[in-house]
Protein chains: 2
Amino acid sequence: MWVEPYPEFSPEKPLFICILANTGTARIPGISAAGKTPELTDYTPAADAELVETGKAISITEPAMCPSGAPTPAVLTRASMLLTEIPCLFISAGLNVRPKVPFFDLNAHPGGDIRNGHAVEDAGDIYKKSAALGKKLSKLSDLVIIGESVPGGTTTALGVMRAMGYNGMVSSSFPDNPQEIKDRVVSEGMKRAHLSFGCLKDDPLCAVGHLGDPMMAAAAGLVDGLGTKTILAGGTQMVSVLCIIKNLGLKRDVSIATTCYVADDKSANFREMIEVLGFQAFIADPGFGNSRFKGLRMYERGEVKEGVGAGGAMLAAAMMGFSQKEFRERTEEVYGSLFPIS
Amino acid sequence: MWVEPYPEFSPEKPLFICILANTGTARIPGISAAGKTPELTDYTPAADAELVETGKAISITEPAMCPSGAPTPAVLTRASMLLTEIPCLFISAGLNVRPKVPFFDLNAHPGGDIRNGHAVEDAGDIYKKSAALGKKLSKLSDLVIIGESVPGGTTTALGVMRAMGYNGMVSSSFPDNPQEIKDRVVSEGMKRAHLSFGCLKDDPLCAVGHLGDPMMAAAAGLVDGLGTKTILAGGTQMVSVLCIIKNLGLKRDVSIATTCYVADDKSANFREMIEVLGFQAFIADPGFGNSRFKGLRMYERGEVKEGVGAGGAMLAAAMMGFSQKEFRERTEEVYGSLFPIS
């Protein structure tokens, strides 16, 4: 099976949501590979949405968004949306660059650099608005898969987990996880905000306010409002959302889906965290080792790993009965139309 | 029956959509009563969305939006949403003032003053993006009711109908319909754009580009993409959308719902147009003659008449089995919490 455990759902009205946000944290050099340069990461969420929606990143000239040339995981997500025909909606939880395709606007601000110790001033407001939206969508859909595109988001995930007292080790879009930089950034933010490890375990939204990013508040709020069956699609960033949900005391039918690249990342501890938290996890393997494209084979070497809900998008494809081969071939089609020569 | 004919639908996943847009045409003095002053009409769509969503208009200080003090029809729409619990989504098709509640952003520009002869430069693009959104929503909902909040929108409706060769007489949010001003404005725009009556009958989106507003392109695109059962909720503005749909040659299960105030407006010709066009119409009567509030009784004198999909919202309430009395009482509750003394 290319998704483990095999997703035995048959939803009538599945829905895929991708939450977009920026955080000033992504501009710290060396933090994020989700963009050619730290400044260009501002464009990544918009470009990801455009790519999933239209097959082309409109807001940037080059679609290969990692410095290495490995393609954005939006390529995987688009492949799944094309295969499954599940409707995909985008939510802006706070962006510097707005996508040129339709999206839900929560009317929130981009997050700040967490080194300042305050990052998401309107976390409570974002949560509430997102919960209201979730309540509406729960009347239309019986299974919602929630992905994200937030460059710099593993560092904010580390910050929020620390503030809530979790020893979460976060993954990275780089093959060599810049853990030292992330540690330093989080420590600086905690110091500035006078926070200690675990001191905000009973106030998750306050932790987001100091050290998180706007996506976290939006994702947690959405899960709260939805009530229906929900799958968080992402790696360690979505683990931090599970921490928030757990510490808020929310009782919801929520699980997590990610790629094998995150689950097997030895610099992170995805499986351990899931066990500690007590949620179900789905792990998806696109089998890119067999791909005819170098860019996709790069994933096997630890480039990119996850994002734009790629793991959940694969779960969706598996749930609708598509094989790993069908998924990989459709991904190759999407990829090939973007990079005809590589 | 307070809605004629009685709506015999039992949708499983109904959805209410309200399309918001501004047009520079609304700033022409005497055109629109949807705002205390012509300049303040810029705030009306945002305030309407906020009122439906939260019970309070956040972007303006006073919720009584007509110069006369008659309340916005958003009050009626909110009452229906509270009664029916149908999810309501807002779409911005081009706004000067963005609502402070979540909405779908089509990333389009507000419309210009049609006296210039060009009003919606991106009509084709809005149509396409809206159709794509409609296609997604068709997978979630089996009945979509589409309302609008576009101050100045009856004048653009007149323009578009003339350009397509329809003798549509449009209604007004004023009790005394300022037909002469509207005629003059439309004639000026047609002259500037070198258009004659009916010359764009085969190119409805070009008619919208010259003399329409962004809502029209968004509503027609949505109907195209949805495919599913759709009800346009509005008066003569939505009649102009039906003209667009008909002249585009779209075959869709679409009908129209409006208030008795528009249907019985002798300065307009709603019923005649519907017969000419060959669509089904639903007419809703909130029975405000019996209201204990003066503001609501003003509707019986021809103030406001329709907007924010109020007619379709009443149809929704009737469809879900609520009586005229139940609807009126809930409207009075909403109204009473806004204007405790009137």
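In this predicted model, the buried residues of helix H1(B) pack against five elements of chain B: strand S2 (14-20), helix H2 (74-84), strand S3 (88-92), strand S4 (103-105) and strand S5 (143-149). H1 itself covers residues 44-54 of chain B, and ten of its eleven residues are buried, so the helix is largely enclosed by the rest of the structure. The buried set starts with Thr44(B), Pro45(B), Ala46(B), Ala47(B) and Asp48(B), and it carries on with Ala49(B), Glu50(B), Leu51(B), Val52(B) and Glu53(B). Charged side chains are thus part of that list, with Asp48(B), Glu50(B) and Glu53(B) among the buried residues. Just past the end of the helix, Gly55(B) takes a positive phi of about 85 degrees.

For a look at H1 in the other copy, Leu51(A) is a handy residue, lying in helix H1 (residues 44-54) of chain A. Is Leu51(A) buried or exposed? It has 29 C-beta neighbours inside 10 Å, and a residue counts as buried at 20 or more, so Leu51(A) is buried. One residue to look at alongside Leu51(A) is Val75(A): the two are 24 residues apart along the chain, yet their C-alpha atoms are separated by 7.3 Å. Val75(A) falls within the stretch of helix H2 (residues 74-84) of chain A.

H2(A) also has a helical partner. Its axis and that of helix H12 (residues 310-319) of chain A come within 8 Å and cross at roughly 25 degrees. Angles under 35 degrees count as roughly parallel, which is why H2(A) is described as roughly parallel to H12(A). The crossing of H2(A) past H12(A) is left-handed. On the H2(A) side, the contact is made by Leu76(A), Thr77(A), Ser80(A), Met81(A), Leu83(A) and Thr84(A). H12(A) answers with Ala310(A), Ala313(A), Met314(A), Ala316(A) and Ala317(A). Sorted by class, the residues of this contact come out as eight nonpolar, three polar and no charged.

A second helix pair turns up in chain B, where helix H8 (residues 236-247) packs with helix H10 (residues 270-277) at an angle of about 15 degrees, their axes 11 Å apart. That angle makes H8(B) roughly parallel to H10(B). Here too the crossing is left-handed, with H8(B) passing H10(B). H8(B) puts in Thr236(B), Val239(B), Leu242(B), Cys243(B) and Lys246(B), while H10(B) brings Phe270(B), Met273(B) and Leu277(B). The contact of H8(B) with H10(B) has six nonpolar, one polar and one charged residues.

Now for how the two chains sit together. A turn of 180 degrees and a shift of 0.0 Å along the axis lay chain B on chain A with an RMSD of 0.0 Å. The two copies are thus related as by a two-fold rotation axis. Which C-alpha in chain B is nearest the axis? That of Phe104(B), 2.1 Å from it. The same surface serves both copies, and 100% of the contact residues of chain B recur in chain A.

As for the contact between the chains, 18 residues of chain B touch 18 residues of chain A. S4 and helix H3 (123-137) of chain B are the elements that give two or more residues to the side of chain B that touches chain A. That side has nine nonpolar, two polar and seven charged residues. S4(B) is also one of the strands that the buried residues of H1(B) pack against.

Methods. Residues are numbered from 1 along each chain as its sequence is written. Chains are lettered from A and ligands numbered from 1 in the order in which they are written. This is a predicted model: local features need pLDDT of at least 70, side-chain atom pairs count only at pLDDT 80 or more; totals for chains, interfaces and linings use all residues. Copies are superposed by least squares on the C-alpha atoms of residues with pLDDT of at least 70 in both. Two residues are in contact if their C-beta atoms, placed from the backbone, lie within 7 Å. A residue is buried if 20 or more other C-beta atoms lie within 10 Å of its own, exposed if 12 or fewer, and partly exposed in between; C-beta atoms are placed from the backbone. Helices (H or I, at least four residues) and strands (E, at least two) are DSSP runs, numbered from the N terminus. Axes are lines fitted to C-alpha atoms, for helices over the stretch in contact, and angles run from 0 to 180 degrees between N-to-C directions. Angles under 35 degrees count as roughly parallel, over 145 as roughly antiparallel, 65 to 115 as roughly perpendicular and the rest as oblique. A crossing is left-handed if the near helix is turned anticlockwise from the far one by less than a right angle, and right-handed if clockwise.
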